[in-house]
Amino acid sequence: MAQEEALARVGASHGIKDLAGKLHFYDCWAPDYDQDLAALHYRAPRLAVDCLTQAVWDLPHSALILDVACGTGLVAVELQARGFLRLHGVDGSPRMLQQAQARGLYQQLQLCTLGQEPLPSPAGTFDAVLVVGALSEGQVPCSAIPELLRVTKPGGLVCLTTRTNPSNLKYKAALEATLDRLEQAGAWTCLVAQPVDRWELATSESELVLGASAQDGFISGIIYLYRKQQETTQG
């Protein structure tokens, strides 16, 4: 029954396309968020942090990391488990931030709705920036991606995830067009584009696609990792 309720709530969240409605939903969802995502076998936080730390061997534990749309802090749990302790987080939901604050893993948490306002940090602040689970319709718009780059240090890392189930394919295509434009402009370089079959349990049969992931009820996702261009010095 708990899994059925979780599937219903997550399915409802995916169906909300306007930002105000989404943020209200997340405020109400905050107390049940962790247990619902556990019931759905949601793997994105662990997979994203694995990607970040395994692809880049020289990221020091002293790195200053920003968790954008941090929710209750599931990404911070994974980062701390790997020895990263200098963590900042932002989210558009006050109640999600309350849950994150209770974990005691972030040095700083701030209310910020990316896409509606700039990130509350100076340019070139962070060694790495992660956005896990918030890149979809009604959440972080593709137009906000350059803002992630702005707050990343030259040579720093940006790790992004999105779902690749049928209802998110339009957003994924727009996202990838944005990522590619920035790469072609020399703003960053793609290090990893890693498809994942077992992302989370599907909330409806229409979200499944033919293939291995459909056989066990999981939808798919993808992780991107970019390195921001180093600053060049004038001769």
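In this predicted model, helix H5 lies across strands E1 (65-68), E2 and E4, and its direction runs at about 155° to that of E1. Helix H6 also packs on the sheet, where it touches E2 and E3; the angle between the directions of H6 and E3 is about 175°.

The sheet that receives these helices is open and built from seven strands, arranged in the order E3-E2-E1-E4-E5-E7-E6 with mixed pairing. Strand E3 (108-111) and strand E6 (188-201) stand at its edges. Each of these two has a single partner strand, so one side of each is left without a neighbour in the sheet. On average, and with direction ignored, neighbouring strands are turned by 15° against each other. At the E6 edge, the pairing with strand E7 (residues 218-228) is antiparallel and extends over ten bridges. Within this pairing, Thr 189 has Arg 227 of E7 as its bridge partner.

Turning to the charged side chains, a search of the whole structure finds eight salt bridges. As a general background, side chains of opposite charge can pair when their charged atoms come close. One of the bridges joins Asp 34 and Arg 103, with the closest N and O atoms 2.2 Å apart. Asp 34 belongs to helix H3 (residues 33-39) and Arg 103 to helix H6 (residues 94-103), so this pair ties together parts that are 69 residues apart in sequence. Asp 34 is partly exposed, at a relative accessible area of 29%, and Arg 103 is likewise partly exposed, at 29%.

A further salt bridge is formed by Asp 50 and Arg 82, whose closest N and O atoms are 2.7 Å apart. This pair links distant parts of the chain, 32 residues apart: Asp 50 sits in helix H4 (residues 44-55), and Arg 82 in the loop between helix H5 (74-81) and strand E2 (87-91). With 16% relative accessibility, Asp 50 counts as buried because the cut-off for that class is under 20%. Arg 82, at 23%, counts as partly exposed.

Within the sheet, the side chains of Asp 127 and Lys 153 meet in a salt bridge with an N to O distance of 3.2 Å. Asp 127 lies in strand E4 (residues 126-131) and Lys 153 in strand E5 (residues 152-163), so the contact ties together parts 26 residues apart in sequence. Both ends are partly exposed, Asp 127 at 21% relative accessibility and Lys 153 at 30%. Finally, salt bridges with shared partners join Arg 46, Asp 50, Glu 78 and Arg 82 into one network.

Technical notes
Residues are numbered from 1 along each chain as its sequence is written. This is a predicted model: local features need pLDDT of at least 70, side-chain atom pairs count only at pLDDT 80 or more; totals for chains, interfaces and linings use all residues. Side-chain values use heavy atoms; hydrogens and water are left out. A salt bridge is a side-chain nitrogen of Lys or Arg within 4 Å of a carboxyl oxygen of Asp or Glu. Helices (H or I, at least four residues) and strands (E, at least two) are DSSP runs, numbered from the N terminus. Buried means under 20% relative accessible area, exposed over 50%, partly exposed in between (1.4 Å probe, protein chains only). Two strands pair if DSSP finds at least two bridges between them. Axes are lines fitted to C-alpha atoms, for helices over the stretch in contact, and angles run from 0 to 180 degrees between N-to-C directions. Contact means heavy atoms within 4.5 Å.
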